[in-house]
Structure formats: structure tokens, C-alpha cells
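Here is an informal walk through one fold. Have the model open beside the text and follow along.

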Amino acid sequence: MLSAAAADRNKEPLLAVIRDNVSGQRALQALEVSSGTGQHVLHFARSLRNITWQPSEFDRQSLSSIEAYRAHYKPDNVMPAIHLDASQPHQHWGGIQPDSLDLLLNINMIHISPLACTEGLFKGAGALLKPQGLLLTYGPYAVNGEITPQSNIDFDYSLRQRNPEWGLRDISLVSSLAQKNGLYLDKIVDMPANNKCLLFRKESLV
Ligand SMILES: C[S@@+](CC[C@H](N)C(=O)[O-])C[C@H]1O[C@@H](n2cnc3c(N)ncnc32)[C@H](O)[C@@H]1O
């Protein structure tokens with residue numbers, strides 16, 4: 001089982017945001033895109049038992065880690081992890097049906113992957129969420145072309161050094177991708193360590 005220190009630090013604040021913004025009563029379906037080690041999905045599933053969680057990953061080693069967590073904790077509301085490349089069309093996302101998801105979660109991927117992954121994420125969300133379904137993204141973002149504080153400027157620089165296709169995205173850019181795909185930015189929640197949760201809702205059918 002892999003373990004990421006950042007995931008341990010942010011799992012509780014993230015759980016609080018999810019809890020505040022989804023029903024705790026109804027049976028819900030959630031997909032996590034880029035689940036990483038699997039720490040998050042196991043943590044969320046333990047507390048939010050009305051949700052059936054579908055973890056996914058692009059990286060094969062991470063997929064094995066998620067499966068190792070599942071084998072260890074045996075949660076009955078976490079499905080086997082699926083291989084999912086966010087840059088690919090949602091028809092290749094493990095057979096998830098259109099308009100079937102209540103929640104789509106994406107933690108710390110948008111700035112550490114090429115823009116095609118973010119574009120694919122929003123296209124997938126537009127197709128797979130139910131009307132009024134929630135896409136929750138988490139990470140550091142630029143706001144109106146400006147990155148703050150200095151630690152995020154340095155982080156953005158280091159990401160771009162590692163891969164010129166990576167880097168902090170502007171909230172206006174992700175909002176425009178949302179709009180193109182039938183979602184709207186409903187809420188921004190400031191999180192510890194200069195991160196934010198962006199909560200996008202899929203428009204209702206008219
Ligand atoms: C910084 S890690 C975050 C992992 C986890 N969500 C967390 O917060 O601990 C970035 C993740 O993006 C994933 N990723 C990279 N390219 C991807 C792609 N094309 N489709 C889906 N996920 C991708 C990586 O495999 C990695 O798990």
C-alpha cells in the first residue's frame with residue numbers, strides 16, 4: 001500500500017467539504033478520477049456510507065495500491081479500481097453510463113497533468129453526472145492570472161520545470177471548460193495550505 005503524506009493531511013478537510021455538499025441520506029454513486037494511493041477513497045467511504053465509490057487511476061502502481069487498501073480494509077462500498085485516462089473520451093472510462101453519477105471527485109490532478117486531462121475531466125463530468133450532480137476538484141489555482149502566495153508561485157515554477165505541460169490552472173480557465181460542458185461553478189471553498197475546492201454543478205435539464 002502506498003502512502004502519501006499530503007493525502008493524510010488533506011483527507012479530513014476534504015471529507016468535511018464533501019459531507020457539507022452531498023446528501024447523507026440517499027444512495028449515491030461517486031467516481032474518483034486519479035485516486036492516487038487509495039487513501040482518500042477509503043477514508044471517505046468509511047464515513048459516507050450511503051455513497052458507492054468507484055476509484056480509478058491512470059498509473060498502474062497506484063491501481064495496485066488502491067487494490068491493496070481494499071483488500072486490507074474490505075469496504076463494502078468501494079468498487080474495484082478501474083484504469084482511467086482522463087484525457088480519453090468518457091466512453092473509455094470503464095463503462096460508466098451517462099447521467100449516472102451524483103459525485104465526481106478529482107484531487108490534485110489538474111496542475112500535475114497535461115491540459116488534455118482537465119479538458120477530458122470536464123467533458124466526462126458533463127456527460128456522466130446526473131443533472132445537479134457535483135464535480136469537486138481540489139488543488140492550488142491561479143485567480144485572474146495571479147498566483148499567490150510565493151510558495152504557490154515556486155510550486156508552479158517547479159511543476160513547469162518538471163514538465164512544461166504541467167502548472168497551476170486559472171479558475172477562469174476551468175470555469176470556461178465547465179461552461180462548455182453544461183456545468184457551472186457553484187462554490188469556491190478555501191482550504192488549508194493555499195489550496196481550494198471548486199464545486200461545479202451540472203445544469204438541470206430544461
Ligand atoms: C499528485 S497525484 C494525486 C493523487 C491523489 N488524488 C492524491 O491527492 O493523493 C496526481 C495523480 O494524477 C494522475 N494522473 C496523471 N495523468 C493522468 C491521466 N491522464 N488520467 C488520470 N489520472 C492521471 C497520476 O497517476 C496521479 O495519481
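Alanine 193 counts as exposed because its C-beta atom has 11 C-beta neighbours inside 10 Å. The scale used here runs on other C-beta atoms within 10 Å, with C-beta atoms placed from the backbone: 20 or more makes a residue buried, 12 or fewer exposed, and anything in between partly exposed. What you are looking at is a predicted model, in which local features need pLDDT of at least 70, side-chain atom pairs count only at pLDDT 80 or more, and totals for chains, interfaces and linings use all residues. Numbering starts from 1 along each chain as its sequence is written.

Back to alanine 193: this residue lies in the loop between E7 and E8. Helices (H or I, at least four residues) and strands (E, at least two) are DSSP runs, numbered from the N terminus. The E7–E8 hairpin has three residues between its strands, and alanine 193 takes a positive phi near 60° there. Lysine 74 is another non-glycine residue with a positive phi, near 50°. That lysine is found in the loop between H3 and strand E4 (82–83), and with 8 other C-beta atoms within 10 Å, lysine 74 is exposed.

The hairpin strands themselves run antiparallel, with eight bridges joining E7 to E8. Lysine 187 sits in strand E7, and its bridge partner in E8 is leucine 199. Buried, exposed or partly exposed: which is lysine 187? It is partly exposed, because 14 other C-beta atoms lie within 10 Å. Aspartate 156 is 31 residues away from lysine 187 along the chain, and their C-alpha atoms are separated by 24 Å.

Now zoom out to the sheet. It is open, has six strands in the order E2-E1-E5-E6-E8-E7, and its pairing is mixed; two strands pair if DSSP finds at least two bridges between them. Strand E2 (51–54) and strand E7 (183–191) stand at the edges with a single partner strand each, so one side of each is left without a neighbour in the sheet. On average, neighbouring strands are turned by 20° against each other, direction ignored. The axes behind such angles are lines fitted to C-alpha atoms, for helices over the stretch in contact, and angles run from 0 to 180 degrees between N-to-C directions.

Here are three of the strand pairs side by side.

| Strand pair | Bridges | Direction |
|---|---|---|
| E1 (residues 28–33) and E5 (residues 101–107) | four bridges | parallel |
| E5 and E6 (residues 129–139) | six bridges | parallel |
| E7 and E8 | eight bridges | antiparallel |

Where E1 meets E5, glutamate 32 stands opposite leucine 105 in E5. Helix H6 (residues 171–180) packs on the sheet, touching E7 and strand E8 (195–202), and its direction makes about 150° with that of E7. Contact here calls for C-beta atoms, placed from the backbone, within 7 Å of each other.

How covered is E5? Seven of its seven residues are buried. Isoleucine 107 has tyrosine 138 in E6 as its bridge partner. Going from E5 to E6, the chain passes through H4, and this β-α-β crossover is right-handed, meaning that with the strands pointing away from the viewer, the path from the first strand over the helix to the second runs clockwise.

H4 (residues 115–128) is also home to glycine 120. This glycine counts as buried because it has 23 C-beta neighbours inside 10 Å. Leaving aside neighbours within four places in sequence, glycine 120 is in contact with Ala86, Ser87 and Gln88. Glutamate 32 is 88 residues from glycine 120 in sequence, and 14 Å away in space, C-alpha to C-alpha.

Helix H2 (residues 39–47) has its own buried set: Gln39, His40, Val41, Leu42, Phe44 and Ala45. These residues pack against helix H1 (5–21), E1, E2, helix H3 (60–73) and E5.

One peptide bond deserves a look as well. Threonine 148 and proline 149 are joined by a cis peptide bond, with omega about -15°. Proline 149 has its place in the loop between E6 and helix H5 (150–162).

Last comes the ligand. Which residues are closest to it? They are Ser34, Gly36, Phe58, Asp59 and Ala86, out of 21 that surround the ligand; a residue is near a molecule if its C-beta atom, placed from the backbone, lies within 6 Å of it. The shell divides into ten nonpolar, eight polar and three charged residues. In that split, Ala, Val, Leu, Ile, Met, Phe, Trp, Tyr, Cys and Pro count as nonpolar, Asp, Glu, Lys and Arg as charged, and the others, Gly among them, as polar.

Technical notes: Two residues are in contact if their C-beta atoms, placed from the backbone, lie within 7 Å.
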